[in-house]
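User: Please take a close look at one part of this model and describe it in a connected account. I should like to know how it is built and what surrounds it.

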Amino acid sequence: MSKIDDIKSSVAAGKTKLVTGLVQEALDEGQDAQDILSAMVDAMGVVGDKFSAGEIFVPEMLVAGKAMQKGVEVLKPILSGSGAPSLGKCIIGTVAGDLHDIGKNLVALMIGSAGFDVIDLGVDVSKEKFLETINSNPDVKVVALSGLLTTTMPAMKETVEAVKNSGLTGFKVLVGGAPITPEFAASIGADAYARDAGGAAIKAKELA
Ligand code: B1M
């Protein structure tokens, strides 16, 4: 089994104590950070499929998420890069009712490494909190919303509508997350959609 396979199975099995060391070893062996990240994202796909099939439950999904976060911590200095000129502020958060933050954190990392000053509001962020933060940061260029649950897509819609109808101007809205499609993004009035963290950084730069 290759180191990358080891990482994938350890993340899927929620072996939080092993993942940090395995990721560091893979980097030391010369493995590409993006390939390691892809393996961990694949592992979360496996976990999701097992959850859907009723083979595992929320606690297993939670420890797998924690294992992935451990691995991402090791990759962060490599993925984040440095030295990009400042492109302005980006406010990011996972929409109300939604506690998933692994993908949102990756998006924040990539947008930050593209040159934005990222204000990360965390998870379960109400539309009022987004509005309040935009209000106190009138120079914000991009407002980025993440959502992982079909049940929280309405909260994304309400948030986009609230910020668009607030009278506040000067920023664009970017949305994404597993259940979000370009069609849904357009239908709720978002300015842009991105499928993954790399794509989100590219879109944010286009919007700024
Ligand atoms: Co949850 N969960 N979960 N979960 N969870 C999913 C999302 C699910 C697909 C699993 C499944 O059933 N197969 C399913 C959603 C089904 C649906 O809505 N259609 C689900 C469910 C049902 C639930 C609960 C309801 C379970 C329950 O309680 N019965 C519950 C909801 C809690 C809540 O939020 N209110 C729940 C809870 C949890 C945990 C807390 C246990 C944990 C989250 C831990 C954490 O985030 N800190 C968890 C996990 C780990 C998952 C899976 C297994 C993995 C998610 C993940 O981190 N993926 C997930 C299954 C899956 O994804 N296949 C699942 C890796 C991550 C890198 O990818 O987040 O997709 P992702 O982000 C990507 C892109 O989506 C995109 O870029 C990222 C990186 O490339 N992206 C953006 C994300 N945000 C973006 C924003 C952008 C642009 C791109 O622009 C701004």
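Analyst: The cobalt atom of the ligand has His100 (NE2) as its only protein donor, at 2.2 Å; donors are N, O and S atoms within 2.8 Å of the metal (3.2 Å for Na, K and Ca), and sites may look incomplete, as water is not among the atoms. The model is predicted, so local features need pLDDT of at least 70 and side-chain atom pairs count only at pLDDT 80 or more, whereas totals for chains, interfaces and linings use all residues. Residues are numbered from 1 along each chain as its sequence is written, and side-chain values use heavy atoms, without hydrogens or water.

His100 is placed in the loop between S1 and H5. Helices (H or I, at least four residues) and strands (E, at least two) are DSSP runs numbered from the N terminus. The loop therefore leads into the description of an open sheet of five strands, ordered S2-S1-S3-S4-S5 with parallel pairing; two strands pair if DSSP finds at least two bridges between them. Strand S2 (116–120) and strand S5 (192–193) form the edges, each pairing on one side only.

Strand S1 (residues 88–94) is joined to S2 by five bridges, and the two run parallel. In this pairing, Ile92 stands opposite Asp120 of S2. From S1 the chain passes through H5 to S2 in a right-handed β-α-β crossover, meaning that, with the strands pointing away from the viewer, the path from the first strand over the helix to the second runs clockwise. Helix H5 (residues 102–113) lies across S1, S2, S3 and strand S4 (172–176), at about 155° to S2; such angles run from 0 to 180 degrees between N-to-C directions, with axes fitted to C-alpha atoms, for helices over the stretch in contact.

S1 also pairs with strand S3 (residues 140–146), in the parallel sense and over six bridges. Here Lys89 has Val140 as its bridge partner in S3, and Cys90 has Val142. Helix H9 (residues 197–207) packs on the sheet as well, touching S2, S3, S4 and S5, and its direction makes about 170° with that of S4. Six of the seven residues of S3 are buried, so this strand is largely enclosed by the rest of the structure; buried means under 20% relative accessible area, exposed over 50% and partly exposed in between (1.4 Å probe, protein chains only).

On its other pairing, S3 runs parallel to S4 over five bridges, with Ser146 matched to Gly176 in S4. S3, helix H7 (residues 153–164) and S4 make a right-handed β-α-β unit.

Phe130 brings several of these elements together. This residue lies in helix H6 (residues 127–136), and Phe130 counts as buried because its relative accessibility is 0%. Leaving aside residues up to four places away in sequence, Phe130 touches Ile91, Ile92, Gly93, Leu121, Val125, Val143, Ala144, Leu145, Thr159 and Val163, where contact means heavy atoms within 4.5 Å. Phe130 and Met44, by comparison, are 86 residues apart in sequence and 28 Å apart in space, C-alpha to C-alpha.
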